[in-house]
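Visitor: I am new here, and I would like to understand the words people use for a structure. Could you show me around?

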Amino acid sequence: MPKYDAVVIGAGNGGLAAACRMACAGKKTLLIERHNLPGGCASSFRRGRFEFETALHEICEWGTAENPGGCRQTVVNAFGTEGEWLMVPDNFRVITTASDGKTHIDATLPCSVSAFVDAMEKYVPGCRKSIQDLFDLGTEFHEAGDYSLSVNGKTDPKYMQEHFPNFLRLGSYPVNKVFKAMKMPPLAQDIMNTYWGYLGVDADRLSFLQYVNMLWLYVNHGAWIPAKTSHQLTTGMLERFRAMGGESWFNCTAEKILFDENKAVCGVQTDRGTIETKHILCNANPTMVYASMCPPEVVPERMVKLANARTYSARMFVVYMGLDKTAEELGIHDYTIFLPTSADTVKEYNDGKKIATNCNQVSVCYNVVNPDFSPEGTCVISLTSTFMEDDWANVSQEDYVKTKQELAAKMIRLFEERTGYVISPYIEEIEIATPWTMCNYVNVPQGAAYGYELRDWDNMMPRMMMLGTEFPVKGLKFVGASSIRGDGYNSAIFSGEKLATITLGEMKREEEG
């Protein structure tokens, strides 16, 4: 039976980051992946002469070599990966109807705080102070998060109160409640709520902490994409892991986690045989792992209750299109366009529960940032919508293809109506991914690639502050979208790196006796 210091299950962003951190420390580490390629959602695929980015719209917390974000510091500076990265020129464009049901919104927001604040003041005169205050809060919250991480969640209440009073006062509130307390004009609130779709929870319930952290990172460090799709990122981490002595088994499925008489991890049973280890970093959904890979007696009752209290977050529906016209010929100059029916996030969230009512979408034209993304004379566009409940489970096998094609046709029509861009006559290749597709390829329950909803009571900070109790099964920790930072490429990478670092500390204490 082969023996390893640590085993990483799943080669998504979180698993790859965890594997790299363990290998950096010289630990004998095995990475197991059931597919033949790394990445999970961070991958690409080909149809005809086009290569499509599976999931990535943009990544925050990357930054430049001179002003690197935490994600770049980890992937490039610490792990030593290479590859060209391209900056998205604007944060986003949003086209929608204001929550008053009357006012038309068409706003493009730039990078950098000063430019962002100036643009918002232009769109909504009189909002400058509230928007600047918002970014000031973001700075305080970001520093509070860094402090909490530096002490592994064991914060000093007095220090927190002295240095981060607004964090303690506002951290547990939802976004809209904080906006109203700041006296932000309603139209400004509508524009600022645009990013709710990236976090998968309406602004009446979305954790302000989670929201302001993401906004602050995007505006301060910009949004970035890899020049060679997500595989540039994930194969880069895999290559570094192997170069540092790590071992990887692809086309290998982890079937069961094994435990000793003290209910501590002692190994993994795979379809290739059994592996001995005391430490597992698992890039999979905890609810699924506890239910199907662990004996009931090792799972604490409170973890069962926590799983029952949590709600699966956004489930992805994506229309990938290769067009035989360039973005310039089509008149498309925006990389990201948010196209909700209205700025009322609660309405959009509820409409997103059903196939019949879901009209929310985000469009991305990769060639706007990377002209070489597709063959000369072409461009690639994706339209992404999110589902807030498992309505696809109500679709019969016989109706599946028809249902997804009808929804894709509706999304294309709505895109053309809302933007004025005509694309349907120029579609050369089209592929449609539903939540079932994500469930099949990424192995996430209901296709919920975002993990759990980032609610007021269950967001980044509570999870990080409970690091000592969040993973009560000895030797088993979870990385990825369902872990301490929630959804997103950078969050998954962060969780893998952080939890591997904590695991290394546990190993050191074990060695010291």
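Guide: Here is a short tour that takes some of those words one at a time. Please keep in mind that this is a predicted model.

Visitor: Let us start with two helices. What makes α2 oblique to α20?

Guide: Helix α2, residues 70-78, and helix α20, residues 489-512, pack at an angle of about 60°. Angles under 35 degrees count as roughly parallel, 65 to 115 as roughly perpendicular and over 145 as roughly antiparallel, and the rest are oblique. The angle of about 60° therefore makes α2 oblique to α20. Their axes are 10 Å apart, and α2 passes α20 in a left-handed crossing.

Visitor: Which residues make the contact between α2 and α20?

Guide: From α2 come C71, T74 and V75, and from α20 come N490, I493 and E497. Sorted by class, the contact has 3 nonpolar, 2 polar and 1 charged residues.

Visitor: How do you know that E497 forms a salt bridge with R21?

Guide: The test asks for a side-chain nitrogen of Lys or Arg within 4 Å of a carboxyl oxygen of Asp or Glu. For E497 and R21, the closest N and O atoms are 2.9 Å apart, so the pair meets the cut-off of 4 Å. E497 lies in helix α20 and R21 in helix α1, residues 13-24, so this salt bridge ties together parts that are 476 residues apart in sequence. In the whole structure, a search finds 19 salt bridges.

Visitor: Now the sheet, please. Why do β7 and β18 stand at the edges?

Guide: The open sheet has 7 strands in the order β7-β6-β15-β16-β17-β14-β18, with mixed pairing. β7 (104-110) and β18 (427-433) each have a single partner strand, so one side of each is left without a neighbour in the sheet. On average, and with direction ignored, neighbouring strands here are turned by 15° against each other.

Visitor: How do you know that β6 and β15 pair?

Guide: Pairing needs at least two bridges between the strands. Strand β6, residues 90-97, is joined to strand β15, residues 336-338, by 2 bridges, so the requirement is met. The two strands run parallel, and V94 stands opposite F338 in β15. Helix α3, residues 113-123, packs on the sheet, where α3 touches β6 and β7.

Visitor: One last stop: where is P68, and what does P68 touch?

Guide: P68 sits in the loop between β4 (50-53) and α2. Leaving aside residues up to four places away in sequence, P68 touches W62, G63, Q73, N77 and H221.

Technical notes. Residues are numbered from 1 along each chain as its sequence is written. This is a predicted model: local features need pLDDT of at least 70, side-chain atom pairs count only at pLDDT 80 or more; totals for chains, interfaces and linings use all residues. Side-chain values use heavy atoms; hydrogens and water are left out. Axes are lines fitted to C-alpha atoms, for helices over the stretch in contact, and angles run from 0 to 180 degrees between N-to-C directions. Helices (H or I, at least four residues) and strands (E, at least two) are DSSP runs, numbered from the N terminus. A crossing is left-handed if the near helix is turned anticlockwise from the far one by less than a right angle, and right-handed if clockwise. Contact means heavy atoms within 4.5 Å. Ala, Val, Leu, Ile, Met, Phe, Trp, Tyr, Cys and Pro count as nonpolar, Asp, Glu, Lys and Arg as charged, and the others, Gly among them, as polar.
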